[in-house]
Amino acid sequence: MESLCGFLLIILDTEKVYVDITTKIAAEFGKTYSWEIEFKIMGKKETEAAKAIIDALELPITVDEFLERSHAEQNRLFPLVPLMPGADKLVRHLHKCNVPIAVATGSNTQSFALKSSGHKEFFSLFHHTVLSGDDPEVEHGKPAPDCFLLAAKRFKDSPDPAKVLVFEDAPNGVDAAHAAGMQCVWVPHDEQDHNTHKHKCTQILDNLENFIPESFGLPAYTS
């Protein structure tokens, strides 16, 4: 399997932070937020996700008001978000082996800057980043395949989608990878039903530490 490209979307452990923030906002209006709703909006563009949450919980606020509350908490918490277990080892291994890697995320520029601020050297290892939240070339967010197809296009050799490997934690991301015709390793959260998307992914893992590179034709770890 040649010219594999890894779009490492589960690099940062952000979803629990998103859930905590939204739970706090929902509680202001006597509402309860759940992982069931979170799984439906994970990976979507920020404004789309905010509207979906407002509609699901019937919150008496606008998208802008929701985002104002959310951004205040993000500014405080995102710089502290750790890497997911196994992400550092995998990314450094792929970079060392000259496997082209990129980030393709639903975040916008401001949000991604906050999330990556504590890991600047780490993120410098990626060839490029596609920020679906405000990239003018990404018309539709996940579950549409736009961001993945654009990320592949921006590699020097613009590999065929079938030669691209996506790492995802979000069901919407798995849908997007499948729609793009790409292979996908799904690392679902503990609260997620692992059966919902098993037919759309190549492999399901409990965490990135269990990923075996050679199972996808990649160089094996040396240590």
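These legends go with views of a predicted model, starting with the whole chain and ending at helix 9.

**View 1. The whole protein chain, with its nine helices and six strands.** The radius of gyration is 17 Å, close to the 17 Å that the globule rule gives for 223 residues, so the chain is as compact as a globular protein of that length. If you box up the C-alpha atoms along the principal axes, you get roughly 50 × 35 × 35 Å.

**View 2. Inside the protein chain, where 52% of the 223 residues count as buried.** Look at who touches whom: among contacts with a separation of 6 or more, 65% are between residues 24 or more positions apart.

**View 3. The surface of the protein chain, about 10,400 Å² of it exposed.** Carbon and sulfur atoms supply 51% of that area. As for charge, there are 33 negative side chains and 21 positive ones. The centres of these two sets lie 3 Å apart.

**View 4. Helix 9, residues 171-179, a mostly covered helix.** Seven of the nine residues here are buried. They run from Pro171, Asn172 and Gly173 through Val174 and Asp175 to Ala176 and Ala177.

**View 5. The neighbours of helix 9: two helices and two strands pack against its buried residues.** On the helical side, the partners are helix 2 (35-41) and helix 8 (146-153). Strand 4 (164-168) and strand 5 (183-186) make up the rest of the set.

**View 6. Gly181, which follows helix 9.** Check the backbone here: the phi of Gly181 is positive, near 75 degrees.

Key
Residues numbered from 1 in each chain as written. Predicted model: local features only at pLDDT ≥ 70, side-chain atom pairs only at ≥ 80, totals over all residues. Heavy atoms only, no water. Buried < 20%, exposed > 50% of the residue type's maximum accessible area, 1.4 Å probe, protein only. Helix = DSSP H or I, 4+ residues; strand = E, 2+ residues; numbered from the N terminus. Contact = heavy atoms within 4.5 Å. Rg over C-alpha atoms; globule rule 2.2 N^0.38 Å. Areas by Shrake-Rupley, 256 points an atom, 1.4 Å probe, with all protein chains shown as cover. Lys, Arg positive; Asp, Glu negative; His and termini not counted. Charge placed at Lys NZ, Arg CZ, Asp CG, Glu CD.
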